Amino acid sequence: MGGKHRGSRPPRRLAWAGRPVGEDGPVDADVVVVGAGLAGLVAAAEAADGGARVVVLDQEPEASLGGQAWWSFGGVFLVDTPEQRRMGVRDSLDTARRDWMGTAAFDRDSDHWPRRWAEAYLDFAAGEKRSWLRRQGVRFFPVVGWAERGDGRARGHGNSVPRFHIVWGTGPGLVAPFERRVRAHVEAGRVELRFRHRVDRLGMTGGAVTGVAGSRLVPSSVTRGEASSREVAGEFELSAPAVLVTSGGIGGDLDLVRASWPARLGPPPQRMVAGVPASVDGRMLAISTRAGASLINADRMWHYTEGLQNYDPVWADHGIRILPGPSSLWVDATGSRLPDPCYPGFDTLATLAHLRGTGHDHSWFVLTDRIAEKELALSGSEQNPDLTGRNLALLSQRLRPGPTAPVRAFLDHGLDVVRAEGVSELTAAMNTLQGEDLVVPDVLHQALQERDAAIGDPTSTDPQGVGVRRARGYLGDRLMRVATPHRLLDPDAGGLIAIRLHLLSRKTLGGLETDLDGRVLRPGGEVLPGLWAAGEVSGFGGGGMHGYSSLEGTFLGGCLFSGRQAGRSVAASV
């Protein structure tokens, strides 16, 4: 680390977007990074490594350093790794490219840079990414997960092989090395962290971004993820030849999510749960566009259909996502079985679009204790203390009978869980929980019989049955993620469980349009001087490198790659 150190620069006259100001002082930094999440930490570390003087701003208190990544399960998309090969998985860059492009379905003129970013990210994921992370101390759980299994078509949606590499230490374990790098630069005087600084506008000089201005918020002692006060204590202005925006997406503002909702996914839901804190508010998207930045693919988004209300919430409408195995029966609000490929863990956005057409904001998993103990996992670092804490003794309990402690707690205390011995009793409990007689006993019973026939017959061509058998053929799933096939109506299976599922907000797939250096573009395609972007605010690169959908494990990876690209580019420019 290290590099050349720069002296002060001469005063310059600035015009702040939205209001003029008078003479400003000397340049305060070479780079201002707006947002102290994973992309911001990576970018700040890389820029400081290149010799730049960096100021990192964030509207939240220091307790929330690392942003959404800290809360994550820590799944990272990697291609053709030793972990895959040890599990018997054959993967390649060509296979990953086919899966990605079939999933992204790029079809717009504005997809030029998103497609370029996708190609570059795939090269990174199949090349340097793993070794780069390992050099910083990141290690991976040996069992590779198979997320977003897709629709089974050769050039269709989804991962044709397992690629979901879980960081040993989950989200906090991935944030930690970049936080260490940034704090080392703080000690060396090359980086300054300023929390409770909310950027309200970008400074402009001669058509270039030359700084930021905003509000100093009152100090806050809230814990990570809790809503902090927006009371203003004062104002600030910072001058810099480069501003790098890494402020995240819109998932914490459910009204903004609804306003951006695309017609192709059906009507927006009235009832959702929030998968991210309220600080994920999308403010910098609007601020950047007012300064002349190009915002593309704003209608592309990624929200989960397997959300639970958190019975012990940290933020408003706090939701937790189920990471499902493939065996549960998935029914709509009336008890009808969802069609192909809308099965647990197969195709997130196809399921979302189908459910939005049902006229209801919720659906249900129906399962047994046998399925729950093997397949019911919860996303998030706090829901996986064994992996997060790198606790081998605790981890070994996953191989024993019974669900993990966090899953057991949700089954016992969750606001969306009911149990019963038979179908009629279960139907009654589901309707009581919902407060409406929506589930029809005969309809649910028929769905259970169809699912049981598919799972119980090894020659069945039912897509869910085929998917379960395929999953059982993968060693990692057979060991830890997929229950031994059995009928839900089998009286020896331990009774029935129904879990009400809500739509859970998560990721913005569109964003500020950037070139491969992370430089933000104007609507006409030319560079907007002085402005860079990385992470979710840039659609994880280019304004939407995922296209319409995602292969999973690509959000953290997108923060890593785009933050690295932009951080190195901005250091070279100043």
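The following exchange examines how several descriptions of this predicted model are justified.

User: Why are helix H16 and helix H17 called oblique to each other?

Analyst: The axes of H16 (residues 441–456) and H17 (residues 463–472) cross at roughly 40°. Angles under 35 degrees count as roughly parallel and 65 to 115 as roughly perpendicular, with the rest, up to 145, counted as oblique. H16 and H17 are therefore oblique to each other. Their axes come within 8 Å, and the crossing is right-handed.

User: Which residues make the contact of H16 with H17, and how do they divide by class?

Analyst: H16 contributes Arg 451, Ala 454 and Ile 455, and H17 contributes Gln 464, Gly 465, Val 468 and Arg 469. These residues divide into 3 nonpolar, 2 polar and 2 charged. Gly is counted as polar in this scheme.

User: What describes the packing of helix H4 and helix H5?

Analyst: Two packed helices are described by the angle between their axes and the distance between the axes. For H4 (residues 93–104) and H5 (residues 112–126), the axes come within 10 Å and cross at roughly 145°. The crossing of H4 and H5 is right-handed. On the H4 side, the residues in contact are Leu 93, Ala 96, Arg 97, Trp 100 and Met 101. They meet Arg 115, Ala 118, Glu 119, Tyr 121, Leu 122, Asp 123 and Ala 126 of H5. By class, this contact holds 8 nonpolar, no polar and 4 charged residues.

User: What makes E7 and E22 the edges of their sheet?

Analyst: The sheet is open and has 6 strands in the order E7-E4-E3-E11-E23-E22, with mixed pairing. Strand E7 (191–195) and strand E22 (519–521) each have a single partner strand, so one side of each is left without a neighbour in the sheet. Neighbouring strands of this sheet are turned by 30° against each other on average, direction ignored.

User: How do you know that strand E3 pairs with strand E4?

Analyst: Pairing requires at least two bridges. E3 (residues 31–34) is joined to E4 (residues 54–58) by 4 bridges, so the pairing criterion is met. The two strands run parallel, and Val 31 has Val 54 of E4 as its bridge partner.

User: Which residues of helix H9 are called buried, and what do they pack against?

Analyst: In H9 (residues 283–290), Met 284, Leu 285, Ile 287 and Ser 288 are buried, a term that requires under 20% relative accessible area. The buried residues pack against several strands, including E3, strand E11 (242–245) and strand E23 (527–533). H9 is followed by Gly 292, which has a positive phi, near 115°.

Conventions. Residues numbered from 1 in each chain as written. Predicted model: local features only at pLDDT ≥ 70, side-chain atom pairs only at ≥ 80, totals over all residues. Heavy atoms only, no water. Axes fitted to C-alpha atoms, helices over the stretch in contact; angles between N-to-C directions. Left-handed = near helix turned anticlockwise from the far one by under 90°. Contact = heavy atoms within 4.5 Å. Buried < 20%, exposed > 50% of the residue type's maximum accessible area, 1.4 Å probe, protein only.
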